[in-house]
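Me: What surrounds the ligand in this model? Please give a close look at that one part, taking the core as the starting point and then the loops around it.

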Amino acid sequence: MRPLVIANWKMNETNQEADQLLSELASGLGTATDAEVVICPPFTALGVLSNYSYAKGAQDIHWADRGTFTGEISGPMLRGLGCKYVLIGHSERRWKLGESDEIINKKIKAALRNELIPVLCVGERQMDRNNYQEFIYNQLEAAWRDLGVEDLGEIIIAYEPVWAIGTGQVGSKNPATALDIKNAYAVIKKFLQKEKLEGYSRLVYGGSVDSENVGELLGVDGNQGFLVGGASLVPDEFAKIVKSVSSSFGDK
Ligand code: PGA
């Protein structure tokens, strides 16, 4: 399977700014890449993304397909706009907006029902680091409740330790080490094996990824790409990350 580089723009970029950013990225990156580039802009910029060749991802999905949920966006709406991927369970939604495991489970079901590939984000907070194994395993089990391999086309699991995610402030970067990621992937792989999902899943890492550290993190066994926040808003920087991922996997 192709490696993934997923851009999570979070709540940044107006429609016009999105167009500018994407056109700068397109000139920096060109079209040839062995990596699949997925852009997850705010919902308002999904339309602009149609003019570019990148895969479309949404940052969230509602669990119902339609109904009285003012302000929400559903799976059929995302499909209608050509989305292929959807982020679910991002730590900023879990911890800043109070999204529970139960809601995340319902959102995974909504994504699968609408043939969107879920990018399920899991990862421990600083205070949970002593028992990160149990913490991550519980998040996975809760997200996958009442689901089986027969429900799945594909799932991406993003390991995003909360302590490693940039705050958007200069100097706030604190990426996980290759060893941290390897250890967390071991837990995720155990879960995937138990649920017989190994052949249907890809593992990516997110948290302070940039063009300087991507080389080291690429080496982690089983890593199939990255979920990039802050650095995905800087076209040159993101293009460098994509090129590193692309050339390293092209060699394999
Ligand atoms: P970051 O964000 O790359 O800015 O740390 C990653 C994410 O939150 O998905």
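Reply:
**From the core to the ligand**

The largest nonpolar core holds 69 residues, and Ile-39, Ile-188 and Tyr-205 have the most contacts inside it. Helix α7 (residues 178-194) gives the largest share of this core, 7 residues. A nonpolar core here is a set of buried Ala, Val, Leu, Ile, Met, Phe, Trp, Tyr and Cys residues joined through side-chain atoms within 4.5 Å. Buried means under 20% relative accessible area, exposed over 50%, and partly exposed in between (1.4 Å probe, protein chains only). In soluble globular proteins, nonpolar side chains tend to be buried together.

The model is predicted: local features need pLDDT of at least 70 and side-chain atom pairs count only at pLDDT 80 or more, while totals for chains, interfaces and linings use all residues. Residues are numbered from 1 along each chain as its sequence is written, and side-chain values use heavy atoms, with hydrogens and water left out.

Apart from the largest core lies another one, of 14 residues, including Leu-4, Ala-55, Tyr-85 and Val-119. Ala-55 is also in contact with Ile-39 (contact means heavy atoms within 4.5 Å), as are Ala-7, Trp-9, Leu-22, Leu-25, Leu-49, Tyr-54, Lys-56, Gly-57 and Phe-238, leaving aside the neighbours of Ile-39 within four places in sequence.

Pro-41 shares part of that list. Leaving aside neighbours within four places in sequence, Pro-41 is in contact with Trp-9, Leu-46, Leu-49, Gly-57 and Gln-59. Pro-41 sits in the loop between β2 (36-40) and α2 (46-49); helices (H or I, at least four residues) and strands (E, at least two) are DSSP runs, numbered from the N terminus. Pro-41 counts as buried because its relative accessibility is 2%.

Now the ligand itself. Its surroundings are Asn-8, Lys-10, His-90, Glu-160, Ile-165, Gly-166, Gly-207, Ser-208, Leu-227, Val-228, Gly-229 and Gly-230, where a residue is taken as near if one of its heavy atoms lies within 4 Å. This shell divides into 3 nonpolar, 7 polar and 2 charged residues. In that division Ala, Val, Leu, Ile, Met, Phe, Trp, Tyr, Cys and Pro are nonpolar, Asp, Glu, Lys and Arg are charged, and the others, Gly among them, are polar.

Three contacts involve oxygen atoms of the ligand. A polar side-chain atom of His-90 lies 2.7 Å from a ligand oxygen, and an N or O atom in the side chain of Glu-160 is 2.7 Å from an oxygen atom of the ligand. From Gly-166 the partner is a backbone N or O atom, 2.7 Å from a ligand oxygen. On its own the ligand has 280 Å² of accessible area, and the protein covers 96% of it (Shrake-Rupley method, 1.4 Å probe; for residues, only the protein chains shown count as cover). A polar contact is a pair of N or O atoms within 3.5 Å; within protein, one must be able to donate a hydrogen and the other to accept it, and residues adjacent in sequence count only if both atoms are side-chain atoms.

Ser-208, one of the residues around the ligand, lies in the loop between β7 (201-206) and α8 (214-218). Ser-208 counts as buried, since its relative accessibility is 8%. A polar atom of the Ser-208 side chain lies 2.6 Å from the backbone oxygen of Ala-164. Beyond four places in sequence, Ser-208 is in contact with Ala-164, Ile-165, Gly-166, Ser-172, Lys-173, Asn-174, Pro-175 and Asn-213. Ile-165 and Gly-166 also belong to the surroundings of the ligand.

A second serine, Ser-232, is found in the loop between β8 (225-228) and α9 (235-250). Ser-232 is buried, with a relative accessible area of 1%. Its side chain reaches two backbone oxygens, that of Val-228 at 3.2 Å and that of Gly-229 at 2.6 Å. Val-228 and Gly-229 both surround the ligand. Setting aside neighbours within four places in sequence, Ser-232 is in contact with Ala-7, Asn-8, Trp-9, Leu-21 and Phe-238. Of these, Asn-8 is listed around the ligand, and Ala-7, Trp-9 and Phe-238 are in contact with Ile-39.

One loop residue remains. Glu-13 lies between β1 (4-8) and α1 (15-29). Glu-13 has a positive phi of about 85° although it is not a glycine, and is partly exposed at a relative accessible area of 23%.
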